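Colleague: I should be grateful for a close look at a single part of this model, and for an account of how that part fits with the rest. Please keep to what the coordinates themselves support.

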Amino acid sequence: MVNLVIVSHSARLAEGVKELAGSMIDGDVTIIAVGGIAEGDDYRLGTDPMRIHAALEEVWSEAGVLLLVDLGSAVLSATLALDFLTPEQRATCLISNAPLVEGAVIAALEAGLGHSLEEVNQAAEATAQFEKIPRSLNSY
Amino acid sequence: MEDRNIREACGDSSHSTDVTVRHPLGLHLRKSKDVVQTASRFQAQITAQNLTRTSPVVNAKSILQLMQIQARQGHVIRLSAQGPDADDALAAISLLFDQRYYDLPAAQ
């Protein structure tokens, strides 16, 4: 099954997204949260390519890994982390364009259903167009 | 009846059933997840429509589409299924809306 790596500037945000997305899984999907930059016993805000790379090594499988990222340097660090992989590993890793929370929740569900990396990512990215409050429905 | 038998023999049986959302939070995220996971176990094409809101008919195997019918407590949802295992699919999904099983996870 496709596994997920959650990349956020905030360690607590990444863990929270992992917790929520993890509640959607019916299957053998692994989610790793990589948030913040280690500083002593704690984390400060930021993203760390080496920790993202370590997470990718840990969860990589032939089915693939989808990376869900927040903004800015999360994308850069994730891209850098991919460059450390072997070409074989790199070929089945994808950085999703999805919004972090919605994308991770949907990706976890889809991955657990055994869908392919492309299908999981498509479902996650569809959340960008998702209307939380559909205007077309009656309002009661 | 004869028509129905012919349709079923062709694997083209279409059925529907209405369920009422009982939970105070409506058809919430994790309940929708249970619906998707249960629906995905069946070959049948399964749709849901919020009759109370006269929503569009959506794919019950898509959680985003299920969230968009905005089902609240008391709303009536029409589940329809088409395919060889349509009846079983509807029975399994309907059970998720049964108050007695409401807070239990989907059967595996």
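Modeller: What follows takes helix 5 of chain A as the centre of the account and then turns to single residues of chain B.

The model is a predicted one, and the setting of the helix in its chain comes first. Chain A contains six helices and six strands, and in sequence order these elements run β-α-β-β-β-α-β-α-α-β-α-α. Of its 140 residues, 46% are buried. When contacts in chain A are restricted to residues at least 6 apart in sequence, 75% of them connect residues at least 24 apart.

Helix 5 of chain A covers residues 100-112, and one of its partners is helix 6 of chain A, residues 117-126. The axes of this pair lie 8 Å apart, and the packing angle is about 150 degrees. Because of that angle, helix 5 of chain A is roughly antiparallel to helix 6 of chain A, the cut-off for this class being over 145 degrees. The crossing of helix 5 over helix 6 in chain A is right-handed. On the side of helix 5 of chain A, the contact is made by A:Gly103, A:Ile106, A:Ala107, A:Glu110 and A:Ala111, while helix 6 of chain A contributes A:Val120, A:Ala123 and A:Ala124. By character, the residues of this contact between helix 5 and helix 6 of chain A are six nonpolar, one polar and one charged.

Another partner of helix 5 of chain A is helix 1 of chain A, which spans residues 11-22. Here the axes come within 8 Å and cross at roughly 35 degrees. The crossing of helix 1 with helix 5 in chain A is again described as right-handed. Helix 1 of chain A brings A:Leu13, A:Val17, A:Leu20 and A:Ala21 to this contact, and helix 5 of chain A answers with A:Leu100, A:Val101, A:Ala104, A:Val105 and A:Ala108. In the contact of helix 1 with helix 5 of chain A there are nine nonpolar residues, no polar and no charged.

Chain B may be set beside this picture. Its secondary structure consists of four helices and four strands, arranged along the sequence as α-β-α-β-β-α-β-α. Among the 108 residues of chain B, 45% are buried. Of the contacts in chain B with a separation of 6 or more, 69% are between residues 24 or more positions apart.

Individual residues illustrate such long-range pairs. B:Ala89 belongs to helix 4 of chain B, residues 86-96, and its relative accessibility is 0%, so this residue counts as buried. Beyond the neighbours within four places in sequence, B:Ala89 touches B:Phe42 and B:Ile46. The C-alpha atoms of B:Ala89 and B:Ile46 are 8.0 Å apart, although 43 residues separate them along the chain.

B:His15 sits in strand 1 of chain B, residues 14-20. With a relative accessible area of 14%, B:His15 is buried. Its C-alpha atom is 8.1 Å from that of B:Leu90, a residue 75 positions away in sequence. The side chain of B:His15 also makes a polar contact, at 3.4 Å, with the side chain of B:Asp87.

A further buried side chain is that of B:Asp34, found in helix 2 of chain B, residues 29-39. Its relative accessible area is 7%, and B:Asp34 is therefore classed as buried, since the limit is under 20%. The side chain of B:Asp34 forms a polar contact with the side chain of B:Lys33 at 3.4 Å.

The backbone of chain B deserves a final remark. Most residues other than glycine have a negative phi. B:Thr54, not a glycine, has a positive phi of about 40 degrees. B:Thr54 is placed in the loop between strand 2 (45-50) and strand 3 (58-59) of chain B, and with a relative accessible area of 57% the residue is exposed. B:Gln70 likewise has a positive phi, near 50 degrees, in a residue other than glycine. B:Gln70 occupies the loop between helix 3 (63-68) and strand 4 (76-82) of chain B. There, B:Gln70 is buried, its relative accessible area being 13%, whereas B:Thr54 is exposed.

Definitions and conventions: Residues numbered from 1 in each chain as written. Chains lettered and ligands numbered in written order. Predicted model: local features only at pLDDT ≥ 70, side-chain atom pairs only at ≥ 80, totals over all residues. Heavy atoms only, no water. Axes fitted to C-alpha atoms, helices over the stretch in contact; angles between N-to-C directions. Helix = DSSP H or I, 4+ residues; strand = E, 2+ residues; numbered from the N terminus. Parallel < 35°, antiparallel > 145°, perpendicular 65-115°, else oblique. Left-handed = near helix turned anticlockwise from the far one by under 90°. Contact = heavy atoms within 4.5 Å. Nonpolar A, V, L, I, M, F, W, Y, C, P; charged D, E, K, R; others polar. Buried < 20%, exposed > 50% of the residue type's maximum accessible area, 1.4 Å probe, protein only. Polar contact = N/O pair within 3.5 Å; in protein donor to acceptor, adjacent residues only side chain to side chain.
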